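Thanks for sharing this one with me. Below are some friendly notes to read alongside the structure, one topic at a time.

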Amino acid sequence: MQINVSTNIKELTKGLSRIQKEQIPFAASQTVNQLAYEIARNVLPKKTTEVFEGGATPFTQKAFKYTRSNKRNLIAKVFVDENRQKYMKFMIAGGTRFPDKRAILVATDNSKLNKYGNIPRGTLQQMIDDKAKFFKGVPKGRQGPQYEGIWERYGRASKAGGQRIRMVGRYTDDAQYRPLFMFADYAKNVVFARDGGFNQRFKANLERALLNAR
């Protein structure tokens, strides 16, 4: 998505002389860069902690990067870092996620989750390594893909049938996501804000540029 502020600049620079207008690209570039920084470093990281259930991991909070504009190219970009795009695109746009390999592992009511609502890597590795306590697949006596997953043995073994079991991770062929993180709306709200938005910042930057040019 692109946010165009050329109309704002025209409105804010009416009545300037030709010499004064020479400072417009410099002031505009400064303003665009300030806004890109504000969006990428402050607004979007804060929004992740508000929107994502359980908050956002530090890795996700640091997902946002930006490139700077200059007087000859008045375009700054705010984007998701490449190594976070794989999962963030579903948070932003929604859609259907398909597995990289055979299936996707999703949490169940019995899963032990961290404060961010995820199965910790350490826990997942334990489930893979501890074959005495955990096993993968469909338990004997049950049929259907809804029983495909990682199961935990717990409690004391009984003479009748051994330990009890519970599913701690379920395998699925796909996962559905609805748009949750309104990236574009958050950015537009910053740019067009009455206080601290483009108009206010540009006026201040232009005034400083005109004073320094005298």
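1. Let us begin with the largest nonpolar core of this predicted model. This core has 32 residues, and those that touch the most other members are Leu44, Phe64, Met88, Phe181, Phe198 and Phe202. Two or more core residues come from each of α3 (24-51), β1 (64-67), α5 (85-93), α7 (183-191) and α8 (198-213). Helix α3 provides the largest share, 10 residues.

2. Met88 is a good residue to click on. Which residues is Met88 in contact with, once neighbours within four places in sequence are left aside? They are Phe52, Thr60, Phe64, Val80 and Phe181. A second core, separate from the largest one, has 5 residues, including Met127, Phe134, Ile150 and Val168.

3. Now for the open spaces. The largest pocket has a volume of about 2100 Å³. Its lining is made of 40 residues, and Tyr87, Arg97, Leu105, Asn118 and Tyr177 are the ones nearest the pocket's centre. Elements that give at least two residues to this lining are α4 (58-61), α5, β4 (104-106), α6 (121-129) and β8 (175-177). Of these, α5 gives the most, with 6 residues. You have met α5 already, as a contributor to the largest core.

4. What classes of residue make up the lining of the largest pocket? There are 23 nonpolar, 10 charged and 7 polar residues.

5. The second largest pocket holds about 740 Å³ of space. It is lined by 22 residues, with Met1, Gln2, Ile3, Ile75 and Ala76 the closest to its centre. At least two lining residues come from each of α1 (6-12), α3, β2 (77-80) and α7. The largest share is that of α3, at 5 residues, and α3 also gives the largest share of the main core. By class, this lining has 18 nonpolar, 3 polar and 1 charged residue.

6. Finally, step back and look at the whole chain, which has 8 helices and 8 strands. Why is the chain described as more spread out than a compact globule? Its radius of gyration is 26 Å, whereas the globule rule gives 17 Å for 214 residues; the chain's value is well over that, so the chain is more spread out than such a globule. Along the principal axes, the C-alpha atoms fill a box of roughly 95 × 25 × 25 Å.

7. Two last values round off the picture. Buried residues make up 31% of the 214 in the chain. Among contacts with a separation of 6 or more, 58% are between residues 24 or more positions apart.

Technical notes:
Residues are numbered from 1 along each chain as its sequence is written. This is a predicted model: local features need pLDDT of at least 70, side-chain atom pairs count only at pLDDT 80 or more; totals for chains, interfaces and linings use all residues. Side-chain values use heavy atoms; hydrogens and water are left out. A nonpolar core is a set of buried Ala, Val, Leu, Ile, Met, Phe, Trp, Tyr and Cys residues joined through side-chain atoms within 4.5 Å. Buried means under 20% relative accessible area, exposed over 50%, partly exposed in between (1.4 Å probe, protein chains only). Helices (H or I, at least four residues) and strands (E, at least two) are DSSP runs, numbered from the N terminus. Contact means heavy atoms within 4.5 Å. On a 1 Å grid over the protein atoms alone, a cavity is a set of points where a 1.4 Å probe fits but cannot get out, and a pocket is an open set with protein on both sides within 12 Å along at least five of seven lines; lining residues have an atom within 4 Å of a point. Grid points are joined across faces, edges and corners, and a volume is the space filled by probe spheres set on the points. Ala, Val, Leu, Ile, Met, Phe, Trp, Tyr, Cys and Pro count as nonpolar, Asp, Glu, Lys and Arg as charged, and the others, Gly among them, as polar. The radius of gyration is taken over C-alpha atoms; the globule rule is 2.2 Å times the number of residues to the power 0.38.
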